[in-house]
Amino acid sequence: MEETAQDPTRYDHNQIELKWHERWNNDPNLYKASDSTRPKYYVLEMLPYPSGSLHIGHLRVYAIGDALARYMWMRGHNVLHPMGWDAFGLPAENAAINNNRHPREWTQTNITQMKRQHRRMGFSYDWDLEISTCEPEYYRWNQWFFLKMLERGLAYRKRALLNWCPECGTVLANEQVIDGCCWRHESTPVEQRALEQWFWKITAYADELLRDIDEKLEGHWPDRVLAMQRNWIGRSEGSEIDFKLEGTGEPIRVFTTRVDTIYGATCVILAPEHPLAAQLLDENGRARAKQMIDGRAQKGPGDIEKDGHFTGHYAVNPYSGEKVPIWIGNFVLMGYGTGAIMAVPAHDERDFDFCKTYGIPIRPVIRPVDGVLDENPKAAFPDDGIVERSGEFSGLASGEARARMNKKAETEGFGKAAVTYRIKDWGISRQRYWGTPIPVIHCPKDGVVPVPEKDLPVVLPVDVQLTGKGRSPLADVAAFVNVKCPKCGGDARRETDTMDTFVDSSWYFYRYCDAHNSTAPFDSQKAAAWIPVDQYIGGVEHAILHLIYSRFFTKVMRDIGLIENSEPFKRLFTQGMVVKDGAKMSKSKGNVVSLDEMTERFGADTGRVFELFAAPPEKDMDWTDTGAEGAYRFLGRVFRFVVRNASRRPDGSPEADRRALRKLHQTIRKVTEDFDNRWHFNTSIAALMELINTLYDEEAGLSAAALDQILPSLALLLGPFAPYLAEELWEQLGRKGPVFRQPWPTYDEALTKEDAADIVLQVNGKVRGRLSVPFGTSEEELKKLALADPKVQPSIEGKQVVKVIVVPDKLVNIVVK
RNA sequence: GCCCGGGUGGCGAAACUGGCAGACGCAAGGGACUUAAAAUCCCUUAUUCCGCAAGGAGUGUGUGGGUUCAAGUCCCACCCCGGGCACCA
């Protein structure tokens, strides 16, 4: 490119942005939320993982959050807008294994890089509050929370079959298994392994987590996220009923939601892992059970066939006294309900399939409310109806029958009404290095002994051999493992598993409120001043993982007495993905546009404006370079208009002024409403484009007085979307910044009014003409004008006018026959 | 199978409470400026038909019905696409 003389009307994004970047960086208090006389507003984007460097796919969530933060400042709030790093995690460890770099060093390098990019984008973060979860100052509080959980009986250890990802070399929580595969390795099937693990009792809060969805979150969180959480918690009301093992009388407890069908139960089916199964089965049967368990662990994408095996034993139905066979079946899950079911083939599709296959009788006991009992059903009838052939309960409606049967079970002591949840306790142990050490010590004499609070943090050792193979690398670090028991002083071993990294992100937003506290995770009063987060923004992929863990943590913290609120996030917004060439941006797809490249070519402002303009923020958006050029042209047009007119003092014409000011006030209204109602920044930016188009049209006729109003307003309106350009224009207009501390412009409703009402004239709903009349013209008058209109005349001539609909200031529709 | 979204020009989209469908941008075409190009500025652009033209007539928001003076918007049935859950008893 050839050297050209400096043209002050050229929009040189690099020159402008680097100038302000420099100034902003030299002002550490610029974005400090220090004015507590203003109402608080806490806006937060989900904590990023420092994976390397940012690309334009990452940009979107921050562009949304920053626009909101700046707008809320301008609306007079004291805004908390922090940023930090979810710095523990597997990629760091894998980088260490593959490239022989220490996870800490790898992580630090990435943080430095990404922080530089965040700053270059001009986001309004208070970097003073920056946290990094891999620092002992942070993770010691994970350990502290662990001890609190232990004290309250919310942390426990048990041996269980767990999801093991061979690729990660560690176990996964249920929430981290997707389609039978690991959430990080989409094509790696998860294996079942029996391991001794730490669990947190999220099930103790299942009911409250569910209830607060309705009571506190509904209407403020996206429906689909709430639907996913409800589904995940999976509350189900039913009954637990004891069948008796024939011979010994040992109770076999089943869970059912349809106790009203129990007279139709023709067998009892146990999960193959059910403890009783091992007792009842012979050697051959146990082999079949093992087959079923293994077959299920390796289940591929498709369904598995129903498989069953008769134990040779019988159980007695407590209502009918009938003797039914006991089977094991691969479709009965040990982890849900009681791990045993009664099969009612006539009224449950799965039971129908199973019993059909094995020739077990099918006995209908429910008839449709307005029908008869189907004696030979071709398929299960799963609906509620009227109970038949059920002794004293015959003739009752299903619901009533359930209530009375539950009562009977309770009175006679063989069962009760019961609620079951799908959600299971959160397994937090991980057999990896780069995470928070679990603060307990195993003593041969005293068993599991918590590390005393005064000894926290248990610091992650630096010198560790990482292999990624099977067990925690910490187990091989003698200096770490070998300790004295805090209770008896004898030789003991440290726990070598680390915590799931979702622990780190479950409470970080509290830490921002008091980021440098060295005696507590945070000060309760400081947190109370900011929590709940007013607006949380992030990807929908965390709908059940992070967002349910954080809700759980908040409830526990409340019960500990740290805070008073029960929900962490008042409002949640989930932004759409950035798509390029029809696919989500990712390294493996090779469609990544680096943020640095984009910034160099177009500037941070253009990137932000385009990402907000191309689609409403909750929908996926397509990145195209030509689209970004459009956003760049728009900013250039604004820049040139302001620079050209900053020092002109023209006389102008009242008509041009009126048209331009009308557009200005309409735009202020539009952008304000978009912020306050639905965040459709695409239409806000479209409105700003319309404004600049009008200003170009009217430029020659504008007066100095009009310009004095228009130019500063333009800079302010641009502030949330293109902060660099806004600041530059503000300065060129001779104003003192920063823009985001100025009051948001207000509009005058009277000035937004058009001169005249544009009335559409329709005949039978078809547009035949239009009319310009003063606002408030009477219905009578409009009707008269419409009927007399020369454009309308031909369409009604010779026809009978049946009716005339008049919508004042809008439309007249003449109905003719 | 169940639960959420969604289907509008060549493309991304707008139309918020039923009242002119397609704002705004991209792409495309034309023009101005320029020796030329880039940049910039201006104009055209859903579609079919009639007309030399000014202009006019029709069609059009996944499909089929319905409600209404009036439907992208409301109701019923269905098709397609995306996401979530999926032997949860």
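**Figure 1. A buried arginine, R430, in the predicted model.** R430 is buried, with a relative accessible area of 7%. The model shown here, as in every view below, is a predicted one. R430 sits in strand 18, which covers residues 429-430. What does the side chain of R430 make a polar contact with? Its partner is the side chain of D500, at 3.1 Å. Once neighbours within four places in sequence are set aside, R430 is in contact with T170, V171, L172, A173 and Q176, and also with D497, T498, M499 and D500. D500 thus appears both in that list of contacts and as the polar partner of the R430 side chain.

**Figure 2. Chain A as a whole, for orientation.** Before the next close-ups, here is the setting. Chain A has 817 residues, and 54% of them count as buried. Its secondary structure comprises 25 helices and 32 strands. The C-alpha trace spans about 105 × 85 × 50 Å along its principal axes. Among contacts in chain A with a separation of 6 or more, 72% join residues 24 or more positions apart. The accessible surface amounts to about 36000 Å², and carbon and sulfur atoms account for 49% of that area. Chain A carries 103 positive and 114 negative charges, and the mean positions of the two sets are 1 Å apart.

**Figure 3. The protein surroundings of RNA strand B.** Around RNA strand B there are 50 residues, of which S236, T257, K306, R350 and R678 come nearest. Which element provides the largest share of the surface near RNA strand B? That is helix 20 (residues 681-698), with 7 residues. Seen from the RNA side, 64% of the atoms of strand B within 4 Å of the protein belong to sugar or phosphate, and the rest belong to bases.

**Figure 4. Three side chains beside RNA strand B.** For K306, a polar side-chain atom lies 2.6 Å from a base oxygen of RNA strand B. With R678, the RNA atom is a phosphate oxygen, 2.3 Å from an N or O atom of the side chain. K803 also has a side-chain N or O atom beside a phosphate oxygen of RNA strand B, here at 3.2 Å. Two of these residues, K306 and R678, are among those that come nearest to the strand.

**Figure 5. Two cis peptide bonds, at P457 and P738.** Most peptide bonds are trans. The bond from L456 to P457 is cis, with omega near -5°. P457 belongs to the loop that runs between strand 20 (447-450) and helix 12 (478-481). A cis bond also leads from G737 to P738, with omega near -10°. P738 is found in the loop between helix 22 (723-732) and helix 23 (749-752).

**Figure 6. Positive phi at N100 and W679.** Most residues other than glycine have a negative phi. N100, which is not a glycine, has a positive phi near 55°, and W679, also not a glycine, has one of about 60°. Both residues are in loops: N100 between helix 3 (90-99) and helix 4 (103-121), and W679 between helix 19 (654-678) and helix 20. Which of the two is buried, and which is exposed? N100 counts as exposed because its relative accessibility of 71% is over 50%. W679 is buried because its relative accessible area, 6%, is under 20%.

Key
Residues are numbered from 1 along each chain as its sequence is written. Chains are lettered from A and ligands numbered from 1 in the order in which they are written. This is a predicted model: local features need pLDDT of at least 70, side-chain atom pairs count only at pLDDT 80 or more; totals for chains, interfaces and linings use all residues. Side-chain values use heavy atoms; hydrogens and water are left out. Helices (H or I, at least four residues) and strands (E, at least two) are DSSP runs, numbered from the N terminus. Buried means under 20% relative accessible area, exposed over 50%, partly exposed in between (1.4 Å probe, protein chains only). Contact means heavy atoms within 4.5 Å. Accessible areas come from the Shrake-Rupley method with a 1.4 Å probe; for residues, only the protein chains shown count as cover. Lys and Arg count as positive and Asp and Glu as negative; His and the chain ends are not counted. The place of a charge is taken as NZ of Lys, CZ of Arg, CG of Asp or CD of Glu. A polar contact is a pair of N or O atoms within 3.5 Å; within protein, one must be able to donate a hydrogen and the other to accept it, and residues adjacent in sequence count only if both atoms are side-chain atoms. A residue is near a molecule or strand if one of its heavy atoms lies within 4 Å of it.
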